[in-house]
Amino acid sequence: KADLESIAVLKKIKGNPEAEVTIYRASPENSFNNGDWVSLSKTYAAEHATGNGTKVHSTVVKAKDLKWAMGDINEFGYYPSDETLTDIYNKATKST
């Protein structure tokens, strides 16, 4: 089922990098960060959430912000194009 969900989304956004798409992530926190693993399939994220005791979170992004890992059709990297190197540096060096 997860594969079919992801394929249906990919068909809908094909050729349109500006298309808005809902992404899902199994995580303890409701945040989406540069480089996070995400899925186009809510089912796939739910399977991972069940396996590690977390929740499924979702957000809407542009298709161009996703990079396929070229392994599993359900696994993508999230790389928001509006995030600058300065933003990334500031996050990485933020004191805890």
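E18 is partly exposed, with a relative accessible area of 40%. I begin with this residue, and I should say at once that the model we are looking at is predicted.

E18 forms a salt bridge with K62, and the closest N and O atoms of that pair are 3.8 Å apart. The two residues come from distant parts of the chain: E18 sits in the loop between α1 (2-13) and β1 (20-27), while K62 belongs to strand β3 (residues 55-62), 44 residues apart. K62 is also partly exposed, at a relative accessible area of 29%.

E18 has a further partner. Its side chain meets that of K64 in a salt bridge, at 2.9 Å from N to O. Here again distant parts of the chain are linked, since K64 lies in the loop between β3 and β4 (66-68), 46 residues from E18. K64 has a relative accessibility of 33% and therefore counts as partly exposed. Taken together, E18, K62 and K64 are linked in a network of salt bridges.

How many salt bridges does the structure hold? There are 3. The one I have not yet described joins the side chains of R25 and D36, at 3.4 Å from N to O. R25 lies in strand β1 and D36 in the loop between β1 and β2 (37-38), so this pair ties together parts that are 11 residues apart in sequence. Are R25 and D36 buried or exposed? Both are buried.

Let me turn to the nonpolar interior. As a general point, nonpolar side chains in soluble globular proteins tend to be buried together. In this model the largest nonpolar core has 10 residues: V9, V21, I23, F32, V38, L40, V61, L66, F76 and Y78. The elements that contribute two or more residues to this core are β1 and β5 (76-78).

Within the core, I would draw your attention to L40. Setting aside neighbours within four places in sequence, L40 is in contact with a list of residues that includes V9, V21, I23, L66 and F76, each of which is also named in the core. The contacts of L40 include S6 as well. S6 is found in helix α1, and its relative accessibility is 0%, so it counts as buried. Apart from residues up to four places away in sequence, S6 touches S39, L40, S41, I73 and N74.

Next, the strands. An open sheet of 3 strands runs in the order β2-β5-β4, with antiparallel pairing. Its edge strands are β2 and β4, each of which pairs on one side only. Between β4 and β5, which run antiparallel, there are 3 bridges. One residue pair to look at is L66, whose bridge partner in β5 is Y78; L66 and Y78 are both members of the largest nonpolar core.

Finally, the largest pocket, with a volume of about 160 Å³. Its lining consists of Y24, R25, A26, W37, V38, S39, Y44, A45, H48, N52, N74 and E75. Which element supplies the largest share of that lining? The answer is α2, with 4 residues. At least two lining residues come from each of β1, β2 and α2 (42-52).

Several residues already mentioned return at this site. R25, which forms the salt bridge with D36, is among the lining residues. V38 belongs to the largest nonpolar core and also lines the pocket. S39 and N74, both touched by S6, are part of the lining too.

Note on methods: Residues numbered from 1 in each chain as written. Predicted model: local features only at pLDDT ≥ 70, side-chain atom pairs only at ≥ 80, totals over all residues. Heavy atoms only, no water. Salt bridge = Lys/Arg side-chain N within 4 Å of Asp/Glu carboxyl O. Buried < 20%, exposed > 50% of the residue type's maximum accessible area, 1.4 Å probe, protein only. Core = buried A, V, L, I, M, F, W, Y, C linked by side-chain atoms within 4.5 Å. Contact = heavy atoms within 4.5 Å. Pairing = 2+ DSSP bridges. 1 Å grid on protein atoms, 1.4 Å probe; cavity = no way out; pocket = protein on both sides within 12 Å on 5 of 7 lines; lining within 4 Å. Points joined across faces, edges and corners; volume = space filled by probe spheres on them.
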